Amino acid sequence: MKPLDVITIGRSSVDLYGAQVGGRLEDMASFNKYIGGSPTNIAAGAARLGLKSALITRVGDEHMGRFIREELEREGVDVRGVKTDPERLTALVLLGIRDQEQFPLIFYRENCADMALDEDDIDAAFIAEAGCVCATGTHLSHPRTEAAVLKALELARESGARTALDIDYRPNLWGLAGHGAGESRFIESERVTAKLQKTLPLFDLIVGTEEEFHIAGGSTDTIEALRAVRGLTDAVLVCKRGPMGASAFAGDIPDTLDEGEAGEGFPIEVFNVLGAGDGFMAGLLKGWLTGEDWSTTLKIANACGAFAVSRHGCTPAYPSWEELQYFFRTGIKDRALRKDADLEQVHWSTNRKGDWQDMRVFAFDHRMQLEEMADSAGAPHERIGAFKVLCLEAARQVSGGKHGYGILCDGRHGREALYRAAGSGLWIGRPVEWPGSRPLRLEPEIGLDFGGVVEWPLEHVVKVLCFYHPDDGAEVKARQEDVVKRLFAASRRNGLEMLLEVIPSKVRPVDDETAAAVIGRFYEIGVYPDWWKLEPMTSGKAWKNACGAITRNDPYTRGIVVLGLDAPAAELEESFAVAAGFDLVKGFAVGRTIFADAARQWLAGEIGDREAVATMTEKYRALCAVWDRARAKHGRAA
């Protein structure tokens, strides 16, 4: 077994996908940003399927280059082979969905970073770690990048690795068409055919559409082209046939494509063909490299391609391995896969980024309480924002840059703290509810259409507190449920995780069944929070019921954090001792227990910044220690 299953090599870009569907690229008003480029997509898609993948490419020394590197790391792709070019910019691609047949795109690749890849970027020891090296056709179009690819292939063969080629023919990237012809997939060229044919003997697997085999084989007759390729290589040839699936040929080429080996196909609605081939290739590599037969391998590849054509974007559309198994069990419920709510829930929750098994969250998102403290101290509300910056500093000091720490901070008083927290590695939750509202209403910044969250960074988690009780009247329930459902939809549409906080004890008496009943009701109406925030219960049965209600409905949930309710540290310790025994409880999100004393004194001018930070740091660190001890008692040490 080698450390890596596959290394891909070649293009890497930022895809700017038009958010509007059904119009010209000229009319697109906004764009979604994804990683792109065939080898980059394949590496990410393979990682989602459980392969240990890596990428060799170049990116610019700027924001887009860092985005690609960070996004690949989040996808689980090894980025040791991603070199930073100090002189060139990262490639960009603008793409759109015009209709079911037209998908306009423009490549911004003039002297871009990945086309500066050269032989010096290919490390023999790194290549030796891989069970397979996968190249794509574009990087054979220039002598410098071709030399890098050929070196990687030669080293791979020397180390006993397999080699694969995705022909990935883009005529305008070979200089055969203008900038506006990015959508073009085939132009005959003896030069390109000769260049490809020179390298075909280096591969064990060659994959392409019929048009791509036409350019590789030098004929527009598919069977004739495949036979020409077969005359140059013993590689397995896989010909992609769009909605008809694909055919694999391990030996002689028969008279028809139908005589090749095939796998189960999936007749779904075509929404977006861009990136479908890369998804297919990722699935093909998964089956091929794990020893599956060709029927199973092509079934996996066809399904991955089906997911890709049914969703927006390239890499974001690709399935996780768990999602794929779910799809194989349940089958096609809606030919427009993106409209299958159950499938989309699995897709979302099994492809979320980041691992938050430990959650020690300093919650200073309080607005009403801090306003009351400021009023009592005779301080203007404007001072609250400066205090929240001090809270952030305390959080940073306690976290020390380690994983497993976070903050809850609002946008009304805490905007500056949120700005400073960006990119810090802290988990960041941000409240949307109007404090104390019942029925639930939201902060004005969220807007009547809930569109305000479109301005939020993707690392922010939408947090909403709902004072909800199973015994509420029908009208109050309906109004609160409507707000939460719409907020959940807005969060998902904008790629934001959501934390739902419920405190039924503030409404009516509770028992061991109350929290579980509330949780069950929200799942019943189609709300699947990424996180739950529950009050500090001291009954093991209450926690068991609550956790059971969540796992029955959502086995992929992030988990639960325990809130504080301004409880004394001793009471929180009692609650933590019980809650920490449940795997679903990941930590706490506590505020006033940590900041209340410091806030009153600082707002009254009795202590300065340094003393306030020191006080909060001490209390926050002590609470983290209480939680860690509680976990350790249950054999769940961080």
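In this predicted model, Arg 48 is found in helix 1, which spans residues 38-48. With a relative accessible area of 10%, Arg 48 is buried, because the limit for that class is under 20%. The side chain of Arg 48 is joined to the side chain of Glu 75 by a polar contact of 2.9 Å, and a polar atom of the Arg 48 side chain also lies 3.5 Å from the backbone oxygen of Pro 316. Once neighbours within four places in sequence are left aside, the residues in contact with Arg 48 are Glu 75, Thr 315, Pro 316, Tyr 318, Pro 319, Ser 320, Trp 321, His 347, Asn 351 and Lys 353.

**Helices 9 and 10**

Trp 321, one of the residues in contact with Arg 48, also takes part in the meeting of helix 9 with helix 10. The axes of helix 9 (residues 294-309) and helix 10 (residues 321-330) come within 11 Å and cross at roughly 100 degrees, and the two helices are therefore roughly perpendicular to each other. On the side of helix 9, the residues involved are Lys 299, Ile 300, Ala 303, Cys 304 and Phe 307, and these meet Trp 321, Glu 323, Leu 324, Phe 327 and Phe 328 of helix 10. By residue class, this contact divides into 8 nonpolar and 2 charged residues, with no polar ones.

**Thr 193**

A buried residue with a side-chain link to the backbone is also present in helix 5 (residues 190-199), where Thr 193 lies. Thr 193 counts as buried at 12% relative accessibility, and its side chain reaches the backbone oxygen of Ile 215 at 2.6 Å. Not counting residues up to four places away in sequence, Thr 193 touches Ile 215, Ala 216, Gly 217 and Gly 218.

**Helix 12, helix 19 and the loop at Phe 364**

Helix 12 comprises residues 368-377, and its buried residues are Leu 370, Glu 371, Met 373 and Ala 374. Seen down the helix axis, these buried residues fall within an arc of 160 degrees, so they line one face of helix 12. The face turned away from that buried side carries Asp 375 and Ser 376, which are exposed. The packing partners of the buried residues of helix 12 are helix 13 (382-399) and helix 19 (592-603).

Helix 19 has its own set of buried residues, namely Thr 593, Ile 594, Phe 595, Ala 596, Ala 598, Ala 599, Trp 602 and Leu 603. The elements that cover them include strand 13 (359-363), helix 12, helix 13, helix 18 (569-579), strand 20 (585-590) and helix 20 (609-633).

Phe 364 has its place in the loop between strand 13 and helix 12, and it is buried, with a relative accessible area of 0%. Although Phe 364 and Gly 591 are 227 residues apart along the chain, their C-alpha atoms are separated by 5.4 Å. Leaving out residues up to four places away in sequence, Phe 364 touches Lys 388, Cys 391, Leu 392, Ile 407, Leu 408, Cys 409, Asp 410, Ala 417 and Phe 595. Of these contacts, Phe 595 is also listed among the buried residues of helix 19.

**Backbone geometry**

Positive phi values occur at the residues in the following table, with the setting of each one.

| Residue | Phi | Setting |
|---|---|---|
| Asn 111 | near 50 degrees | loop between strand 7 (105-108) and helix 3 (124-128) |
| Gly 378 | about 70 degrees | just after helix 12 |
| Phe 450 | about 65 degrees | loop between strand 15 and strand 16 |
| Gly 605 | near 80 degrees | following helix 19 |

Asn 111 takes its positive phi as a residue other than glycine, and Phe 450 likewise has a positive phi although it is not a glycine. Their surroundings differ in accessibility: Asn 111 is exposed, with a relative accessible area of 54%, whereas Phe 450 is buried, with a relative accessible area of 7%.

The loop between strand 15 (427-431) and strand 16 (460-466) also contains Pro 439. The peptide bond leading from Arg 438 to Pro 439 is cis, with omega near 5 degrees.

Notes
Residues numbered from 1 in each chain as written. Heavy atoms only, no water. Buried < 20%, exposed > 50% of the residue type's maximum accessible area, 1.4 Å probe, protein only. Helix = DSSP H or I, 4+ residues; strand = E, 2+ residues; numbered from the N terminus. Arc of directions from axis to C-beta. Contact = heavy atoms within 4.5 Å. Axes fitted to C-alpha atoms, helices over the stretch in contact; angles between N-to-C directions. Parallel < 35°, antiparallel > 145°, perpendicular 65-115°, else oblique. Nonpolar A, V, L, I, M, F, W, Y, C, P; charged D, E, K, R; others polar. Polar contact = N/O pair within 3.5 Å; in protein donor to acceptor, adjacent residues only side chain to side chain.
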